[in-house]
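I opened this model to see how its helices pack and where a few chosen residues sit. My notes follow in the order I looked things up.

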Amino acid sequence: MTTKARRPTTPSGLRIAGRALWASLTGRYNLRADELRILEVAARTADELAAIDKVLADAPAMVSGPRGREVPHPLLEEARRHRATFLRALGALGISAAEDRASREPGERSRAGRALVSARWDRYD
């Protein structure tokens, strides 16, 4: 009898973007415990980035700085840092953001996903 691997429990506190990322990747990949922890970091970062992007959508790109000069909105830099963290986490899993988006299409599997599967199965040869 073959048993189907259980999908890992979604970490508490994830919001829409984080839950979507978690469901997308745990639905396609059988991740180890260390990879699940990295995925949780990526999911929480996705939620934080969504919140930052929501604020920035209605905010001016330039604001008055401490000396009265126009400076870029401080959240722009924070968004950049969050995007870098998100991309590093996906990279640690062997998934690029572009491949993740493309692999969400029905019937499509990312190159990274195929590489992960091959690497895991190669261990058993």
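**Entry 1: Gly18**

I started with Gly18, which I found in helix α1. The model is a predicted one, and I read every value below as computed from it. Is Gly18 buried or exposed? Gly18 has 0% relative accessibility, so I put it down as buried.

I then asked what Gly18 touches once its neighbours within four places in sequence are set aside. The list is Ala43, Ala46 and Asp47. For Ala43 I also took the C-alpha distance to Gly18, which is 4.0 Å, with the two positions 25 residues apart along the chain.

**Entry 2: α1 against α2**

The contacts of Gly18 led me to the helix pair. The axes of α1 and α2 come within 7 Å of each other and cross at roughly 145 degrees. I noted the crossing as right-handed.

On the α1 side I listed Ile16, Ala17, Gly18, Leu21, Trp22, Leu25 and Thr26. On the α2 side they meet Leu36, Leu39, Glu40, Ala42, Ala43, Ala46, Asp47 and Ala50. I sorted the residues of this contact into 11 nonpolar, two polar and two charged.

Ala50 was the next residue I checked, and it lies in helix α2. Ala50 has 37% relative accessibility; buried would need under 20% and exposed over 50%, so Ala50 counts as partly exposed. Its C-alpha atom is 9.1 Å from that of Gly18, and the two are 32 residues apart along the chain.

**Entry 3: the loop after α1**

I looked at Tyr29, which is placed in the loop between α1 and α2. Tyr29 has a relative accessible area of 6% and is therefore buried. I also recorded a C-alpha separation of 9.4 Å between Tyr29 and Arg7, which are 22 residues apart along the chain.

**Entry 4: α2 against α3**

I moved on to the other partner of α2. Helix α2 covers residues 33-57 and helix α3 covers residues 74-92. Their axes come within 9 Å and cross at roughly 155 degrees. I therefore entered α2 and α3 as roughly antiparallel to each other. The crossing of α2 and α3 is left-handed.

Which residues meet here in α2 and α3? From α2 I wrote down Ile38, Ala42, Thr45, Ala46, Glu48, Leu49, Ile52, Asp53, Val55 and Leu56. From α3 I wrote down Leu75, Leu76, Glu78, Ala79, His82, Arg83, Thr85, Phe86, Ala89 and Ala92. The residues of this contact divide into 13 nonpolar, three polar and four charged.

**Entry 5: two residues from that contact**

I picked His82 from helix α3. At 12% relative accessibility, His82 falls among the buried residues. With neighbours up to four places away in sequence left out, I found His82 in contact with Thr45, Glu48, Leu49 and Ile52.

From helix α2 I picked Asp53. Asp53 has a relative accessible area of 31%, so I marked it as partly exposed. Not counting residues up to four places away in sequence, Asp53 touches Ala79 and Arg83. I also noted Leu76, which is 23 residues from Asp53 in sequence and 8.8 Å away, C-alpha to C-alpha.

**Entry 6: the nonpolar core**

I looked up the largest nonpolar core, which has 16 residues. Which of them touch the most other members? They are Leu21, Leu25, Leu39 and Phe86. The elements that give two or more residues to this core are α1, α2 and α3, with α1 spanning 16-28. The largest share, five residues, comes from α2.

**Entry 7: the chain as a whole**

I finished with the totals. I counted five helices and two strands in the protein chain. From the N terminus on, the order of elements is α-α-β-β-α-α-α. Of the 125 residues in the chain, 32% are buried. I also checked contacts between residues at least 6 apart in sequence: 52% of these join residues at least 24 apart.

Notes: Residues are numbered from 1 along each chain as its sequence is written. This is a predicted model: local features need pLDDT of at least 70, side-chain atom pairs count only at pLDDT 80 or more; totals for chains, interfaces and linings use all residues. Side-chain values use heavy atoms; hydrogens and water are left out. Axes are lines fitted to C-alpha atoms, for helices over the stretch in contact, and angles run from 0 to 180 degrees between N-to-C directions. Helices (H or I, at least four residues) and strands (E, at least two) are DSSP runs, numbered from the N terminus. Angles under 35 degrees count as roughly parallel, over 145 as roughly antiparallel, 65 to 115 as roughly perpendicular and the rest as oblique. A crossing is left-handed if the near helix is turned anticlockwise from the far one by less than a right angle, and right-handed if clockwise. Contact means heavy atoms within 4.5 Å. Ala, Val, Leu, Ile, Met, Phe, Trp, Tyr, Cys and Pro count as nonpolar, Asp, Glu, Lys and Arg as charged, and the others, Gly among them, as polar. A nonpolar core is a set of buried Ala, Val, Leu, Ile, Met, Phe, Trp, Tyr and Cys residues joined through side-chain atoms within 4.5 Å. Buried means under 20% relative accessible area, exposed over 50%, partly exposed in between (1.4 Å probe, protein chains only).
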